[in-house]
Amino acid sequence: MHSRSIITSCTITILFGFGLLSPLHAQTNPKDSLGISMFFPTYSLSVPGGDLKDRFGLSNTVGAGYTFLTKNRWVLSVEGNFLFGRNVKNSDSILSNISTKDGHIIDENGLFATVAISERGYSIWIKTGRLIPVGGPNANSGILIMAGGGMLQHKYRIEVSDNTAPQLRGEYKKGYDHMCYGPGITEFIGYQYLGNDKKTNFFAGLEFTQAWTKSRRAYNFNDMKVPDEKRFDILAG
């Protein structure tokens with residue numbers, strides 16, 4: 001679940017951002033005020049903002065993590081996410097210096113190569129927060145508020161069918177992927193539900209992420225220069 005900054009207009013995507021909680025201690029009754037450890041998978045539909053919106057559109061995020069809820073309802077969470085999507089903006093310019101005037105790449109057989117460009121990335125977060133019991137079947141269900149820090153990485157993924165274009169192999173491909181990463185912060189507000197039957201457990205909500213990334217490649221081939229951009233990337237999910 002990711003996001004864009006609170007200062008931007010917020011798109012509510014609560015139906016698309018969720019996680020399934022799996023308590024590790026089967027002997028723990030959710031009605032009790034005991035520490036609960038849980039693994040969880042997540043999915044989010046994410047909206048880019050800041051500098052990120054100039055490269056990509058809507059993207060998907062899938063991930064997994066571990067969270068611990070103390071008996072005083074403080075929360076500690078560790079989470080990793082994989083970011084992917086096919087909504088790439090200005091894709092024609094990414095390979096412009098090795099393309100024909102019609103935008104085609106000539107492969108080693110003298111034919112037009114089949115090239116696909118998409119978004120790839122990942123994020124890693126450590127979060128802490130508080131559960132406020134309200135509107136649930138027990139005191140371990142309610143409004144969940146968390147914040148934390150970590151890192152965000154993103155790049156263009158360039159795929160050539162059958163790998164027939166030597167100008168887009170190995171280190172050459174890295175000269176076009178514009179890989180960026182850097183530190184970031186994330187905030188989450190939503191609802192957590194732990195059923196008394198210990199079978200129905202989930203959380204859903206909105207997450208806002210801001211990251212200060214920079215280019216990590218030594219040289220961008222299409223720009224014909226050493227990259228020195230510093231970015232402020234935002235996601236909302």
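# Briefing on a predicted two-helix, ten-strand protein

Asp 107 is buried, with a relative accessible area of 9%, where buried means under 20% relative accessible area, exposed means over 50% and partly exposed lies in between (1.4 Å probe, protein chains only). The structure is a predicted model, in which local features need pLDDT of at least 70 and side-chain atom pairs count only at pLDDT 80 or more, whereas totals for chains, interfaces and linings use all residues. Residues are numbered from 1 along each chain as its sequence is written, and side-chain values use heavy atoms, with hydrogens and water left out.

**Overall architecture**

- The protein has two helices and ten strands, both being DSSP runs numbered from the N terminus, with at least four residues for a helix (H or I) and at least two for a strand (E).
- Along the sequence these elements follow the pattern β-β-β-β-β-α-β-β-α-β-β-β.
- Of the 237 residues in the protein, 46% are buried.
- Among contacts (heavy atoms within 4.5 Å) with a separation of 6 or more, 69% are accounted for by residues 24 or more positions apart.
- The protein exposes about 11700 Å², of which carbon and sulfur atoms supply 60%; accessible areas come from the Shrake-Rupley method with a 1.4 Å probe, and for residues only the protein chains shown count as cover.

**Nonpolar cores and a surface patch**

- The largest nonpolar core, meaning a set of buried Ala, Val, Leu, Ile, Met, Phe, Trp, Tyr and Cys residues joined through side-chain atoms within 4.5 Å, has 18 residues, and those with the most contacts inside it are Val 88, Ile 94, Leu 95, Ile 117, Tyr 156, Ile 158 and Leu 168.
- Strand E7 (residues 142-160) gives the most to this core, with four residues.
- Apart from this core lies another one, of eleven residues, among them Ile 36, Phe 40, Leu 131 and Leu 144.
- Not counting residues up to four places away in sequence, Ile 94 touches Val 88, Ile 117, Tyr 156, Tyr 176 and Asn 222.
- Ile 132, Val 134, Ile 143, Ile 145 and Ile 189 make a nonpolar surface patch of about 370 Å²; patches consist of residues with over 30% relative accessible area and no salt bridge, with like charges joined within 9 Å and nonpolar side chains (Val, Leu, Ile, Met, Phe, Trp, Tyr) within 5 Å.
- Within that patch, Ile 132 lies in strand E6 (residues 115-133) and, at 38% relative accessibility, counts as partly exposed.

**Buried loop residues**

- Asp 107 lies in the loop between helix H1 (91-94) and E6 and, leaving aside its neighbours within four places in sequence, is in contact with Ala 113, Thr 164 and Ala 165.
- Asp 107 and Thr 164 are 57 residues apart in sequence, yet 5.5 Å apart in space, C-alpha to C-alpha.
- Asn 220, in the loop between strand E9 (201-215) and strand E10 (230-236), counts as buried at 2% relative accessibility.
- Beyond residues up to four places away in sequence, Asn 220 touches Gly 175, His 178, Lys 225 and Pro 227.

**Aromatic pairs**

- A search of the whole structure finds nine aromatic pairs, defined as rings of Phe, Tyr and Trp (its six-membered ring) whose centres lie within 6.5 Å, with planes under 30 degrees apart counted as stacked, over 60 as edge-to-face and the rest as tilted.
- Phe 40 and Phe 203 form an edge-to-face pair, 5.5 Å centre to centre with 85° between the planes, which links Phe 40 in strand E3 (residues 36-50) to Phe 203 in strand E9, 163 residues apart.
- Both Phe 40 and Phe 203 are buried, and together with Phe 188 they form one aromatic cluster.

**Salt bridges**

- Nine salt bridges are found in a search of the whole structure, each being a side-chain nitrogen of Lys or Arg within 4 Å of a carboxyl oxygen of Asp or Glu.
- Asp 177 forms a salt bridge with Arg 217, the closest N and O atoms being 2.7 Å apart; Asp 177 lies in the loop between H2 and strand E8 (180-194) and Arg 217 in the loop between E9 and E10, so the pair ties together parts that are 40 residues apart in sequence.
- Asp 177 is buried at a relative accessible area of 4%, and Arg 217 is buried at 17%.
- The side chains of Lys 174 and Glu 171 meet in a salt bridge (3.1 Å, N to O); being three residues apart in helix H2 (residues 170-174), they are separated by about one helical turn.
- Arg 55, Glu 229, Arg 231 and Asp 233 are linked in a network of salt bridges.
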